Amino acid sequence: MERTLDLEVLASALGEHRPGGVLPSAQDLLATMTELEVAAFRGEPEIEDVTLATAWYLHGLAALAPETPGYDAVRVRRAFATSAHLMDLALGDERRPEAERLQIAFAAQAGYRRSEQDPNATAVYQQVHALVDITGELRGHIGTLAVEAGVVFLGFDRPELGRALRAWRRQLRGVRAMMRRESLAGTMYGPAEAVVEAVFHLYQFLGFGEARDLLAAQRLLRDVMTQTAGRGDRLARWVAAHLFQLSGEMAASSLYQLLPPGTPPEVARSFALSKPPVMTLWPPQRQLLKLERGNPLDPTTSRSLISVPTSAGKTLMAQLVICSHLAQRPGRVVYVSPMRSLGREMRGTLRGRLRVLGRRLAAEQPEFPLGPWASSAEPDGGDVEIVTPERLMHMIRNNPEALAEVGLVVVDEAHHLGQGRRGFVLESLLTLLHARRDIRLVLLSAAVGNKGDIASWLDPQRPEREVYFTDTWRGPRRMHGLMYPNLMAEHAELSERRPTAKHASPVLATVPVETLLDVRPTASSAIARLTTGEVGTRRFAGSGGRWNARTRLPGGIADYQVFAAGAAELTAAGSVLMVVGTRRAARDAALAIAECLPERSEAEALTDYLADTLGTEHPLVRCTRHGVAYHHGALPEDVLHAVEGALRRNELLAIASTSTLTDGVNLPVRTVIVHHKVDGDPLTYDGQRALSPAELLNAIGRAGRAGRESEGWIFLTRPYPPRPAEFDSLNPDPERLRLVSALLTDEALTALADAEDTLRQDADGVFALADDIAADFASFVWLVLQLHASSPAPQGNPIDALDALFALSQRGNGRHTSRWLTLADKVATVFEITDPAQAGRWAATGTSLGSARYLDWLANQLAVLLDRHTVDDATGGDRLAEPEEWSLRRTLDFLTEHQVFDRLLDHVPEVTKTWSFKDKETRGTQMNVPIAPALREWISGSTMPDLALSWQPGVAAGWALEQAVRNISTAFGHALSWTVGALTNLVNTSPALSPGAPRLNTHTLPGTSATESTPSRP
């Protein structure tokens, strides 16, 4: 999509410049629009009448008849886009009368829709919806009723439009009854009545696809344009002319028109009539549906990759693929999301679509106990499953037939393939699916540089361009800025200080610090500098009345506090997301932002909920009182869900988050501040890892959500005055977006080298591999070997299945991939000499091989002990009866009696680091908190404050609460829920257990296993 802050686009829209003419030159208009953008950012959205006149002039030129000489389709589109941009900026100028603002809004909406910037038209409605009158008497606003109807319609907010139409049509019926007329044509009400009725028929057409409604709407609009409906209402004629022109374009953008031949109409209806309703499609969505070859909505297309920018409607594309498949093919659909937050969002939108389609979304299931997916006829069953990659892999490990009824798998955020250990889980899953040609596979990603490589991997038999679809279109404009601390040296205060060995200087300089923001709307724009004013001070040693930045003394405002002050300032323009590198940084940034803002009543409900859940002294509760929150993977799932909901409802002004909120989640924020090391950044940021280019683009994509805002701002923080070239960091080179297998990263190759050293020293060393990607690879190879061994008719060399790994398809990496295959051969050697029954049990755990072997050994020991209860409990009953499943309490007593939880902490690397307490956050001493009684207290329902006090007596309340929440989430909710579940499964199926022996309770830990920032395997 073309952007109007571009000299070529403006020159085309304006045409040949004539000095002294009505229109400015392209250079002058670009300068004016850039200044307006910066002024709007400052909160000074005033626009000169002469500039607004230019917008109206361009709007009028663009509306000329198509055959007008000199006005081809490109120029018309660019003129509409330029006028819409200017009108949009003018809407912020609230000095203008309401009637004029409504006209400006409709002109902006019409321009945006005519220039293929559809979501911006909806965003304009968000700005002026309060000006639309649906309760007042008609005679009080009959002069603007047609404009209001046009504004609401082009906002494409179906519920709001429905309410407005019901109110206006009821009022117009009353006027007709009072005037005893069947129609108001020819009266002062006639043109507005015709526009309202036309909008009603367009509303019906886009909802139900009946051509007669489209024809009725066009007839009514033509009556207004020709003054058959009445004379004198020029605004109504203007609105009608635009709606008439748009009606044909909207019809061509309707799902009813665009779905491939043979698609049942119920698919279109499931989107038009559910929430959020889809009235027309955006340009890339339309292009996708028009594909003649490799269309992912065609049930015969087996492999697809969809790669479009954030805010281009990727999520809706996924839903279209899912619903279209269900309407045409048997079998369930599995939607795979690497993030639970994204999965929750998909659940919220897909549920209504499926209901209209007569299908169901399956209920979310715990990791344990594992069983077959419930059918759609069962209470928790459904036609669509939403899972993490880890959950689906675990289903396959424990039941190779889990995919038997699956017809389609949709994998979102596919660029996670290259992201560490979780990336390899996804690559492993896709490798297994690769062999299933009976299952359709669709990958989606917003950031992939080497689409052709992935397409060739997915389907080497078809041309790349028939496998992948891509488009550069995106919704809102995005503006870039750099944020940094600045010493206000001219306001430094000098005083005497006592010299020290480190700083012998006798002078103390107390220097105010301000947050500076360098903003640049376009790459060619001049940089504008804004300031928050003083936000704190820093102290420096000096002598002779002089000081310099190299002699900074401890204390004073930290960089993150400077940036937090900037974030607080930016909340005046809309909600803010600050992306940080660590959980601690998220908390500290949120607390710092909260200190800069007053208490916010809109967040009271969230605050009360969090106080009940986490305790009143928890730092998150202190934040939300001021409309601020933080978000990271060590917080409980229900807390994260509550925070996300509050942000969507505009109850929160700002949120600080790790990457848990940057991958695909549709959250409405105006500004994104990236306070994180980025790829290629020389800064250390306390040793944190860098955001990959794909992660950076996803973070940037949160700014200015399509349909909510027409533009967003992105700031990159710098701890020093930046160079202009650092703006380029916000525009990653496409070459840096190349997706590389997680097995080929430097970190993975280091782990491989360590594994090779281990295996050289010990042939049995595959069991010593732990807690890195080499251990994950060995575990995956073991699973491949087990699946091959357990198949009814195994054929060929099972190691050949590894050829389907993405790593092995990437050229130029033969030396590295051969080393991985050598490791696979060594795993295979151990597999061949392992008892087949044991090999199968170890493959099912989802842990490293060493942990799997230990868990199986421990399970057999426990099974022997459990089997004794058959004798102990025997009272002469039938020993061959169905075995009893113990209660949760009795199971916990048994596991505690035999020190199972302590054993897991000591011997299973996936669990070892998940249970840890210190008496204070900085330089704290390790505390011993026995895990078994702690677990019992938690399961018994003790409140979080009581747990924190019981586990950490004498520790500061806020820190104790944080540690309690973190340990419950990481240990009980994730690591232990996985390993104890696996262990329980091994015990209950152990060959050492007699048929009549009791079984352990399979719901021992009610946790989840995949969060936003930790592997779902422990």
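**Exercise 1. Determine how arginine 584 and aspartate 588 are placed relative to each other, and whether each is buried or partly exposed.**

Solution. Step 1: arginine 584 and aspartate 588 both belong to helix H22, which spans residues 583-595. Helices are DSSP runs of H or I with at least four residues, strands are runs of E with at least two, and both are numbered from the N terminus. The two residues are four places apart, about one turn of the helix.

Step 2: their side chains form a salt bridge, with the closest N and O atoms 3.8 Å apart. The term requires a side-chain nitrogen of Lys or Arg within 4 Å of a carboxyl oxygen of Asp or Glu.

Step 3: arginine 584 has a relative accessible area of 42% and is therefore partly exposed, whereas aspartate 588, at 18%, is buried. Buried denotes under 20% relative accessible area, exposed over 50%, and partly exposed the range in between, with a 1.4 Å probe and protein chains only.

The model is predicted: local features need pLDDT of at least 70, side-chain atom pairs count only at pLDDT 80 or more, and totals for chains, interfaces and linings use all residues. Residues are numbered from 1 along each chain as its sequence is written, and side-chain values use heavy atoms, with hydrogens and water left out.

**Exercise 2. Identify what the salt bridge between arginine 584 and glutamate 921 ties together.**

Solution. Step 1: the closest N and O atoms of arginine 584 and glutamate 921 are 3.2 Å apart.

Step 2: arginine 584 lies in helix H22, while glutamate 921 lies in the loop between strand S17 (917-918) and strand S18 (926-927), so the salt bridge ties together parts 337 residues apart in sequence.

Step 3: glutamate 921 is partly exposed because its relative accessibility is 27%.

**Exercise 3. Describe the salt bridge between glutamate 390 and arginine 422, and state whether the partners are buried or exposed.**

Solution. Step 1: the N to O distance between the two side chains is 2.8 Å.

Step 2: glutamate 390 is in helix H17 (residues 389-398) and arginine 422 in helix H18 (residues 420-434); the pair links distant parts of the chain, 32 residues apart.

Step 3: glutamate 390 and arginine 422 are both buried.

Step 4: for the wider setting, the count of salt bridges comes to 50.

**Exercise 4. Characterise the surroundings of glutamine 319.**

Solution. Step 1: glutamine 319 is located in helix H15, residues 314-328.

Step 2: its relative accessibility is 3%, so glutamine 319 counts as buried.

Step 3: beyond neighbours within four places in sequence, glutamine 319 contacts Phe271, Met346, Thr349, Leu350 and Arg353. Contact means heavy atoms within 4.5 Å.

**Exercise 5. Place glutamate 48 in the fold and relate it to aspartate 88.**

Solution. Step 1: glutamate 48 sits in the loop between helix H2 (26-42) and helix H3 (49-62).

Step 2: with a relative accessible area of 57%, glutamate 48 is exposed.

Step 3: glutamate 48 and aspartate 88 are separated by 40 residues in sequence and by 14 Å in space, C-alpha to C-alpha.

**Exercise 6. Assess the overall form of the protein chain.**

Solution. Step 1: the protein chain contains 38 helices and 18 strands.

Step 2: a compact globule of 1018 residues would have a radius of gyration near 31 Å, and the 32 Å of the protein chain agrees. The radius is taken over C-alpha atoms, and the globule rule is 2.2 Å times the number of residues to the power 0.38.

Step 3: buried residues account for 59% of the 1018 residues.

Step 4: of the contacts between residues at least 6 apart in sequence, 74% join residues at least 24 apart.
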